[in-house]
Amino acid sequence: MSGSDIAGLIAAGAFVVLVVLLAVPIIKLGKVFDELRTTIKDVADGTTPLLGEVANTVATTNDQLKKVDTITNNVSDTSANVSALSSLVAATVGKPLIKVAAFTEGVKVAMNTKPSGKARRSR
């Protein structure tokens, strides 16, 4: 065996050691990728039903909001009707009541006036 054969054997042995040392991290990286694939599959399997539930919740919420909108419109109409009714009552009952109150106050003032004394006295 010559010197070059021994150098070749040493180089081949070093290459085998290098391949073995590099194989360990590559195997660990492969396990990490397997775990990552499993985790992504689990997340995807869990997300699909969750998205269906969210869609149902949004649909139900939209239906409830439509009902609330109808109720709000009815309350608005009722408020407008009550306002119109109060204006009508104020116009039909309020003004005559003010006139009656003013007349009553006038009669009251007229009844409380005393004669001034400049009038002739009877003897």
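User: Is D34 buried, partly exposed or exposed?

Analyst: Keep in mind that this is a predicted model. The relative accessible area of D34 comes to 38%. Buried means under 20% and exposed means over 50%, with partly exposed in between. Because 38% falls in that middle range, D34 is partly exposed.

User: Which residue does D34 form a salt bridge with?

Analyst: Some background helps: side chains of opposite charge can pair when their charged atoms come close. D34 has a partner in helix α1, 3 residues apart from it, about one turn of the helix. The closest N and O atoms of the pair are 3.2 Å apart, and the partner is R37.

User: And R37, is that one buried or exposed?

Analyst: The cut-off for exposed is over 50% relative accessible area. R37 has 55% relative accessibility, so it counts as exposed.

User: How many salt bridges are there in the whole structure?

Analyst: One of them joins D34 and R37. D45 and K41 also meet in a salt bridge, at 3.7 Å from N to O. Those two residues both lie in helix α1, 4 residues apart. A search of the whole structure gives a total of 2.

User: Of D45 and K41, which one counts as exposed?

Analyst: D45 has 45% relative accessibility, so it counts as partly exposed. K41 has 53%, and exposed means over 50%. The exposed one is therefore K41.

User: Which residues form the nonpolar patch on the surface?

Analyst: One member is L22, which sits in helix α1. L22 is partly exposed, with a relative accessible area of 49%. The patch has about 510 Å² of accessible area together, and its residues are F15, L18, V19, L22 and I26.

User: How many helices and strands does the protein chain have?

Analyst: Helix α1 covers residues 3-112. The full count for the protein chain is 1 helix and 0 strands.

User: Why is the chain said to be more spread out than a compact globule, and what is its radius of gyration?

Analyst: For 123 residues, the globule rule gives 14 Å. The value for this chain is well over that, so the chain is more spread out than a compact globule. Along its principal axes, the C-alpha trace spans about 175 × 35 × 15 Å. The radius of gyration is 51 Å.

User: What share of the residues count as buried?

Analyst: The protein chain exposes about 11,200 Å², and carbon and sulfur atoms supply 69% of that area. To count as buried, a residue needs under 20% relative accessible area. Of the 123 residues, the buried share is 0%.

How values were computed. Residues numbered from 1 in each chain as written. Predicted model: local features only at pLDDT ≥ 70, side-chain atom pairs only at ≥ 80, totals over all residues. Heavy atoms only, no water. Patch = residues over 30% accessible without salt bridge, like charges linked within 9 Å, V, L, I, M, F, W, Y side chains within 5 Å. Areas by Shrake-Rupley, 256 points an atom, 1.4 Å probe, with all protein chains shown as cover. Salt bridge = Lys/Arg side-chain N within 4 Å of Asp/Glu carboxyl O. Buried < 20%, exposed > 50% of the residue type's maximum accessible area, 1.4 Å probe, protein only. Rg over C-alpha atoms; globule rule 2.2 N^0.38 Å.
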